[in-house]
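This report looks at two helices and the enclosed space of one model. Keep the sequence and the structure in view while reading.

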Amino acid sequence: MDRLPVADVERLLAVVADCHAARTLPELGGLLTESLAARLGLRNAAVLTGDTRPRLFQDSTAQASGIVAPAMEAYRERFHRLDPIAAAAAEAALRGDPAPPLTLLDVAHLVDGERRPFVDDFLRPNGIGAVLAKSWSSPPEPGPQLGIALFDPYERAFGPREVALLGLLGPAIARIAAGLQAARPPWADLLTPRETEAVALLAEGLTDEQIARRMVVDIGTVKKHLAAARRKSGCPNRVALARAWAP
């Protein structure tokens, strides 16, 4: 597809405008997944961020919608290591080649014995037939990482239109993500991934009970994460911690 229809370009610009309202990386992911569904009809998406490429695929604050949302913890804990699209992108990076948005069909040759569980044990049980994904790095290298993935039950759901949309959208969202990452407080790097997740959710205004449900832990664990974050940050209380994370 040489050019997108004007209507799609306008929808794409609206998605970017929606994302400019984000104050934190998790909020950016949430706004983007909501906007993709509302503006472009892409209801099954995941957004990952990280300060390095390995941490991108283990993002504890990744936001997802639709059929992939229940599967994100399993992806982070196990299946990111078997992801053939991530493997193809890594190979391209080693060669110094830019990797375009890739569908699962593009990397079928990489679904070998070692990676076969990605299809058999991750995609199929979650009703996922198609994946289209791309990651971006913000300069200077190595810069903050952004990954966007689209999913669909139908194996051939994604074509030139979706590839073009994702290719154009990614750099704009990557710039927003880089700005948010740069704005994080200096003590953010002292937090563990789970402490980071708890603080980010606190900054969004969630209660301990809501944070516990999102993180799939008990309330006591949430309190421990937030207490550790207060010690590391020097913040005297929860309100100060939330404000320091998302000023």
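What should the 16 residues of helix 2 span at 1.5 Å a residue, and how far apart are its end C-alpha atoms? The model is predicted. The expected span of helix 2 (residues 25–40) is 22 Å, and the end C-alpha atoms lie 21 Å apart, so the two values agree.

**Helix 2.** The buried residues of helix 2 include Leu25, Leu28, Leu32, Leu36 and Leu40. Pro26, Gly29, Gly30, Thr33 and Ser35 are buried as well. Their cover includes helix 1, helix 7 and helix 8, along with strand 1, strand 2 and strand 5. Gly41 follows helix 2 with a positive phi, near 70°.

**Helix 8.** Of the 11 residues of helix 8, 9 are buried, so the rest of the structure largely encloses this helix. Among the buried ones are Glu195, Glu197, Val199 and Leu202. The buried residues of helix 8 pack against helix 2, helix 9, helix 10 and helix 11.

The glycines that come after these helices compare as follows.

| Helix | Residue after it | Phi |
|---|---|---|
| Helix 2 | Gly41 | positive, near 70° |
| Helix 8 | Gly205 | positive, about 100° |

**Cavities.** The model holds 3 cavities of 30 Å³ or more. The largest has a volume of about 270 Å³. Its lining counts 23 residues, with Phe57, Tyr75, Asp83, Ala133 and Ala149 nearest the centre. Elements giving two or more residues to this lining include helix 4 (72–77), helix 5 (84–95), strand 4 (130–137) and strand 5 (145–152). By class, the lining has 18 nonpolar, 2 polar and 3 charged residues.

Conventions. Residues numbered from 1 in each chain as written. Predicted model: local features only at pLDDT ≥ 70, side-chain atom pairs only at ≥ 80, totals over all residues. Heavy atoms only, no water. 1 Å grid on protein atoms, 1.4 Å probe; cavity = no way out; pocket = protein on both sides within 12 Å on 5 of 7 lines; lining within 4 Å. Points joined across faces, edges and corners; volume = space filled by probe spheres on them. Helix = DSSP H or I, 4+ residues; strand = E, 2+ residues; numbered from the N terminus. Nonpolar A, V, L, I, M, F, W, Y, C, P; charged D, E, K, R; others polar. Expected span 1.5 Å × (residues − 1). Buried < 20%, exposed > 50% of the residue type's maximum accessible area, 1.4 Å probe, protein only. Contact = heavy atoms within 4.5 Å.
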